[in-house]
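User: I would like to learn how to read a helical fold, its pockets and its cavities from a model. Could you take me through the features in turn?

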Amino acid sequence: MRDTGNDQRTRLSHSLIRQAFTDLLKQKPIQRITVKELCQKAGVNRSTFYAHYVDIYDLLAKLEEDMANDFQQALTPLFGTGMEEPSLLRVITGIYQCLKDNGDICTVTLGEYGDKAFAVRLLSMGWESCLAAYSNHLWGASPRQLEYFYAFVSNGHIGLLQKWLEEGMTTSVEEMAQMGKNIMLHGMDFLRGCSQPCAPQGTPQNSPQLS
């Protein structure tokens with residue numbers, strides 16, 4: 001029989017360690033965080049820490065891997081079964097919802113002492129899936145063009161995420177997703193309240209638009 005009491009203690013320990021770790025990462029780089037300091041802040045024994053992690057870097061790797069797995073699980077159903085085309089707005093909303101659900105990790109990831117490469121990795125998962133899903137609507141773009149477009153979009157959304165975090169994530173997930181989609185598809189027309197993206201030069205007038 002499964003020991004539910006032990007499972008609850010393990011989850012509590014993980015939660016306390018995660019909270020203490022993210023709090024410390026807001027104050028100093030990971031190189032200056034010790035296991036002793038972390039355990040004191042979390043209120044757990046060092047033996048408890050070492051029962052789950054090799055060291056501080058292993059803790060960071062596992063926290064990021066857990067979030068990456070959550071992110072992938074959140075994205076998978078958004079693309080359906082392949083029988084219907086996914087909604088770009090629904091995909092972006094799913095991305096922002098997952099980021100909000102892991103707001104503590106996002107805060108330190110994009111903070112002064114964070115691992116910004118991890119934020120890029122997360123967004124890579126989302127935008128690569130988006131580009132694959134909409135490959136038939138990219139107006140014959142070359143692989144090089146797609147790489148530049150992806151870089152532009154990913155870094156733009158990192159900027160939006162940083163602004164969102166600075167404001168305490170008070171703006172709703174839905175509003176952030178809509179804003180991200182509009183800026184991504186409409187560019188500066190977003191500032192004029194444009195409701196339809198302008199087709200690139202040479203685009204067939206009957207080409208479907210991303211929704």
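The dialogue below goes from the overall fold to one helix, and then to a pocket and a cavity.

Analyst: Please keep in mind throughout that this is a predicted model.

User: Which elements make up the protein, and in what order do they run?

Analyst: One begins by counting elements and listing them along the chain. Here the protein has nine helices and zero strands, so that from the N terminus on the order reads α-α-α-α-α-α-α-α-α. Of its 211 residues, 40% count as buried, and among the contacts between residues at least 6 apart in sequence, 63% join residues at least 24 apart. The protein exposes about 12400 Å², of which carbon and sulfur atoms supply 52%.

User: Why should the end C-alpha atoms of helix H9 be 20 Å apart?

Analyst: The expected span of a helix is 1.5 Å times one less than its number of residues. Helix H9 covers residues 173–186, which is 14 residues, and should therefore span 20 Å; the distance between its end C-alpha atoms is 20 Å, in agreement with that expectation.

User: Which residues of H9 are buried, and what follows the helix?

Analyst: Buried means under 20% relative accessible area. In H9 this holds for Val173, Met176, Ala177, Gly180, Lys181, Asn182, Met184 and His186, and the residue that follows the helix is Gly187, with a positive phi near 60°.

User: What lines the second largest pocket, and which helix supplies the largest share?

Analyst: For a pocket, one looks at the volume, then at the lining and its classes. The second largest pocket holds about 180 Å³ of space, and its lining consists of His14, Ser15, Arg18, His52, Tyr53, Leu59, Lys62, Leu63 and Asp66. Helix H1 (4–25) and helix H4 (56–75) each contribute at least two of these residues, with H4 giving the largest share, four residues. By class, the lining divides into three nonpolar, three polar and three charged residues.

User: How many cavities are there, and what is the lining of the second largest one like by class?

Analyst: The same reading of volume, lining and classes can be applied to a cavity. A search of the whole structure finds two cavities of 30 Å³ or more, and the second largest has about 70 Å³ of space. Its lining includes Met67, Leu99, Cys106, Phe118 and Leu161. The elements that give two or more residues to this lining are helix H6 (103–109) and helix H7 (116–133), and H7 gives the most, with four residues. In the lining of this cavity, 10 residues are nonpolar, one is polar and none is charged.

Methods. Residues are numbered from 1 along each chain as its sequence is written. This is a predicted model: local features need pLDDT of at least 70, side-chain atom pairs count only at pLDDT 80 or more; totals for chains, interfaces and linings use all residues. Side-chain values use heavy atoms; hydrogens and water are left out. Buried means under 20% relative accessible area, exposed over 50%, partly exposed in between (1.4 Å probe, protein chains only). On a 1 Å grid over the protein atoms alone, a cavity is a set of points where a 1.4 Å probe fits but cannot get out, and a pocket is an open set with protein on both sides within 12 Å along at least five of seven lines; lining residues have an atom within 4 Å of a point. Grid points are joined across faces, edges and corners, and a volume is the space filled by probe spheres set on the points. Ala, Val, Leu, Ile, Met, Phe, Trp, Tyr, Cys and Pro count as nonpolar, Asp, Glu, Lys and Arg as charged, and the others, Gly among them, as polar. Contact means heavy atoms within 4.5 Å. Accessible areas come from the Shrake-Rupley method with a 1.4 Å probe; for residues, only the protein chains shown count as cover.
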